Amino acid sequence: MPELPEVETVKNTLKRLILNEKILDVDIYHNNIIASPSVDEFKEKIKNQTINDIKRRGKWLIFELDDYYLVSHLRMEGKYFLKDSNDELLKHEHVVFKFNKQELRYHDTRKFGKMYLIDKDKIDVSKPINELGLEPWDEKLTNLYLKEKYSKKNIPVKTVLLDQSIITGIGNIYADEILFKCKINPLIKPKELNDEQLNNIIKYTRKTLEEAIKLGGTTIKSYESAKGVHGLFQNKLLVHSKVGEACPECGTKIIKITVNGRGTYYCENCQK
């Protein structure tokens with residue numbers, strides 16, 4: 001699933017390609033991708049709207065139109081591709097935004113992606129945006145903030161790092177990397193973390209995501225940006241997907257466990 005660095009890369013790529021394009025029409029071939037409003041209302045409202053800016057909030061892309069925000073989550077396999085209008089429509093291209101000579105096509109093999117069209121004055125109080133926690137670089141993300149959020153958490157810290165209502169944008173890959181750099185066992189309960197560990201979570205969340213953004217994200221399975229650009233951060237991964245390999249710090253073999261249904265990689269020696 002694309003996480004914050006991948007979505008940031010897609011955002012930056014799309015901004016170079018489609019800013020100021022007017023959406024003349026839209027074809028929708030899989031209705032379930034449109035979460036809100038109804039498909040008919042979505043199609044009618046988005047016509048003749050210009051793409052003025054593209055933003056990101058957590059793992060969500062936010063297309064700023066004249067009167068609305070188009071909020072899009074890529075989920076497991078979602079991708080955007082800019083194509084010529086006469087290019088053949090591929091099997092998994094489910095939503096097609098039509099411009100003058102080109103089309104922005106949403107491609108999703110598993111059809112899990114979601115789109116919301118939200119009135120501009122309601123964006124901060126509407127789902128899904130109003131359910132998101134702090135961005136990793138928000139100045140409100142402090143030791144005290146995490147203490148408050150973690151104080152009653154009796155589930156593994158790995159699971160809590162994936163909770164988008166606390167810190168938004170962290171997914172499975174980066175959670176493993178952050179916890180390794182913090183030397184925190186993924187099974188420890190968040191309420192047991194000390195001040196140094198909480199500070200390190202903030203520090204290494206920011207550093208890890210910043211480095212991943214610079215490298216265009218992580219290509220595992222099928223992630224690619226809007227022009228088919230693959231990320232390079234997978235070459236920097238320390239523990240994720242490294243089961244059986246030597247820990248880069250101590251040489252102990254990296255193990256894989258399941259935490260709340262998510263494959264989790266860590267070093268038993270370094271992350272006690």
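Biologist: What volume does the largest cavity have?
Modeller: This is a predicted model, and the value is computed from it. The structure holds one cavity of 30 Å³ or more. The volume of the largest cavity is about 40 Å³.

Biologist: Which class of residue lines the largest cavity: nonpolar, polar or charged?
Modeller: The lining is made up of Ile23, Ile51, Phe63, Leu65, Leu70, Tyr80, Phe97 and Leu104. Tyr counts as nonpolar here, and so do Ile, Phe and Leu. No polar and no charged residues appear, and the eight in the lining are nonpolar.

Biologist: Which residues touch the most other members of the largest nonpolar core?
Modeller: This core has 28 residues. Two or more residues come from each of α1, β2, α2, β6, β7, β9, β10 and β11. The most other members are touched by Phe63, Tyr80, Phe97 and Met115.

Biologist: Which element gives the largest share of this core?
Modeller: The candidates include strands such as β2 (25-28) and β9 (93-98), and the helices α1 (4-18) and α2 (39-46). The largest share is four residues, and it comes from α1.

Biologist: How many residues are in the second core?
Modeller: The second core is separate. Among its members are Leu4, Leu146, Tyr174 and Ala175. Its size is 26 residues.

Biologist: On to charges. How far apart in the chain are Lys98 and Asp27?
Modeller: Side chains of opposite charge can pair when their charged atoms come close. Lys98 and Asp27 form a salt bridge, at 2.8 Å from N to O. Lys98 sits in strand β9 and Asp27 in strand β2, and their separation along the chain is 71 residues.

Biologist: Is Lys98 buried, partly exposed or exposed?
Modeller: The buried class ends at 20% relative accessible area, and the exposed class needs over 50%. Lys98 has 26%, so this residue is partly exposed.

Biologist: What is the N to O distance between Lys122 and Asp119?
Modeller: Lys122 is partly exposed at 42% relative accessible area. Asp119 is partly exposed too, at 27%. The cut-off for a salt bridge is 4 Å. Their side chains meet in one, with an N to O distance of 3.9 Å.

Biologist: Are Lys158 and Asp176 buried or exposed?
Modeller: Their side chains form a salt bridge at 2.8 Å, N to O. The pair links helix α4, which holds Lys158, to helix α5, which holds Asp176. Lys158 and Asp176 are both buried.

Biologist: Which residues do salt bridges with shared partners join into one network?
Modeller: The search of the whole structure finds 17 salt bridges. Those that share partners build a single network of Glu8, Lys11, Arg56, Arg57 and Glu135.

Biologist: Now the rings. What kind of pair do Trp60 and Tyr116 form?
Modeller: Trp60 lies in strand β6 and Tyr116 in strand β11, 56 residues apart in sequence. Both residues are buried. The ring centres are 5.8 Å apart and the planes stand at 65°; planes over 60 degrees apart count as edge-to-face. The pair is therefore edge-to-face.

Biologist: What kind of pair do Tyr80 and Tyr106 form?
Modeller: Tyr80 is in strand β8 and Tyr106 in strand β10, 26 residues apart. Both are buried. Their ring centres are 5.2 Å apart and their planes at 55°, so the pair is tilted.

Biologist: Which residues form one aromatic cluster?
Modeller: The count of aromatic pairs is three. One of the clustered residues, Tyr80, also lines the largest cavity. The cluster consists of Phe63, Tyr80 and Tyr106.

Biologist: Which peptide bond to Pro128 is cis?
Modeller: Pro128 lies in the loop between β11 and α3. Omega is near 5° for the cis bond, which runs from Lys127 to Pro128.

Biologist: And what is omega for the peptide bond from Ser36 to Pro37?
Modeller: Pro37 is in the loop between β3 and α2. The bond is cis, with omega near -5°.

Biologist: Is Asn260 buried or exposed?
Modeller: Asn260 has a positive phi of about 50°, although it is not a glycine. The residue is in the loop between β12 and β13. Its relative accessibility is 62%, so Asn260 counts as exposed.

Terms used
Residues numbered from 1 in each chain as written. Predicted model: local features only at pLDDT ≥ 70, side-chain atom pairs only at ≥ 80, totals over all residues. Heavy atoms only, no water. Core = buried A, V, L, I, M, F, W, Y, C linked by side-chain atoms within 4.5 Å. Buried < 20%, exposed > 50% of the residue type's maximum accessible area, 1.4 Å probe, protein only. 1 Å grid on protein atoms, 1.4 Å probe; cavity = no way out; pocket = protein on both sides within 12 Å on 5 of 7 lines; lining within 4 Å. Points joined across faces, edges and corners; volume = space filled by probe spheres on them. Phe/Tyr/Trp six-rings, centres within 6.5 Å; stacked < 30°, edge-to-face > 60°.
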